[in-house]
Amino acid sequence: MKRTWVVLSIGAVLLGAAAIAIAASPRVSEPTRIHVIERPLTDVVIDTGASGDSSGDLLTFHNKLYGSAGEMVGTDQGQCIRINPAAGTWECAWTNALEGGHISVEGPFNDNHASVLTVTGGTGAYRNARGTMNLKFRDSGSFDFIFHLIP
């Protein structure tokens, strides 16, 4: 019986220490803006339905992300499903791997104008992140990803 209490006590101490370590680890603690630039070099559209651009087609990608000075700061990977070719709409989900953790987003992408996606979560320094990501076209054919994170 005494041995059971010792094991349970040690377990409780370890569990408490783990909870403190998680609570003290880096995370989004105030509104944070992160701006990266995606250069879409790997985008592939898979024609899944009627020939040509049609509902249900799949877009996959895994691209590098760059900072404002042109330095590589991360990568992304994800997929989009074509919803309405006439309207230029896709529904997308992807993960952005940055120093300190990942930020996942989900939402609409439009061929014709900027979009706002939802930040669905993160890991590491972004583990409690929520908010939005503005996606804007750049003249160079790349995209601005502007994350507006809140704790």
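Begin by selecting D144 and R138, whose side chains form a salt bridge in which the closest N and O atoms are 2.6 Å apart. What you have open is a predicted model, and every stop below should be read with that in mind. Colour the two partners by accessibility and they separate: D144 is buried, with a relative accessible area of 11%, whereas R138 counts as partly exposed at 32% relative accessibility. A search of the whole structure finds three salt bridges, and the tour now turns to the others.

Next, select R82, which sits in strand β5, the run of residues 72-84. Is R82 buried or exposed? With a relative accessibility of 4%, R82 counts as buried, because the limit for that label is under 20% relative accessible area. Keep R82 on display and add D53, since the side chains of D53 and R82 meet in a salt bridge of 2.9 Å, taken from N to O. This pair links distant parts of the chain, for D53 lies in the loop between β2 (44-46) and β3 (58-61) while R82 is in strand β5, 29 residues apart. The side chains of R82 and D53 are also joined by a polar contact of 2.9 Å. D53 itself is partly exposed, with a relative accessible area of 48%.

Now add D111 to the selection. R82 forms a salt bridge with D111 as well, and here the closest N and O atoms are 2.7 Å apart. Once more the pair links distant parts of the chain: R82 is in strand β5, D111 is in the loop between β7 (101-110) and β8 (115-122), and their positions lie 29 residues apart in the numbering. D111 counts as partly exposed, at 33% relative accessibility. With the three residues shown together, you are looking at one network, in which D53, R82 and D111 are joined by salt bridges that share partners.

Before leaving R82, show its surroundings. Which residues does R82 touch, if those up to four places away in sequence are not counted? The answer takes in the two salt-bridge partners, D53 and D111, along with S54, S55, G56, D57, G88, T89 and W90.

Stay on strand β5 and select C80, then add C92. A disulfide joins C80 to C92, with an S to S distance of 2.0 Å, and a search of the whole structure finds one disulfide. Turn the view to look along the link: with 110 degrees about the S-S bond, it is right-handed. The two cysteines link distant parts of the chain, C80 being in strand β5 and C92 in strand β6 (residues 89-98), twelve residues apart. C80 is buried, with a relative accessible area of 3%, and C92 is likewise buried, with a relative accessible area of 3%.

For the last stop, turn to the largest pocket, which holds about 170 Å³ of space. To find its centre, select E38, D43, L59, F109 and F143, which are the closest to that point among the 16 residues that line the pocket. Then colour the strands around the space: β3, β5, β6 and β10 (143-150) are the elements that give two or more residues to the lining. Which element gives the most to this lining? It is β6, with three residues, and β6 is also the strand that carries C92.

Definitions and conventions:
Residues are numbered from 1 along each chain as its sequence is written. This is a predicted model: local features need pLDDT of at least 70, side-chain atom pairs count only at pLDDT 80 or more; totals for chains, interfaces and linings use all residues. Side-chain values use heavy atoms; hydrogens and water are left out. Helices (H or I, at least four residues) and strands (E, at least two) are DSSP runs, numbered from the N terminus. Buried means under 20% relative accessible area, exposed over 50%, partly exposed in between (1.4 Å probe, protein chains only). A polar contact is a pair of N or O atoms within 3.5 Å; within protein, one must be able to donate a hydrogen and the other to accept it, and residues adjacent in sequence count only if both atoms are side-chain atoms. Contact means heavy atoms within 4.5 Å. A disulfide is a pair of cysteine sulfur atoms within 2.5 Å. A salt bridge is a side-chain nitrogen of Lys or Arg within 4 Å of a carboxyl oxygen of Asp or Glu. On a 1 Å grid over the protein atoms alone, a cavity is a set of points where a 1.4 Å probe fits but cannot get out, and a pocket is an open set with protein on both sides within 12 Å along at least five of seven lines; lining residues have an atom within 4 Å of a point. Grid points are joined across faces, edges and corners, and a volume is the space filled by probe spheres set on the points.
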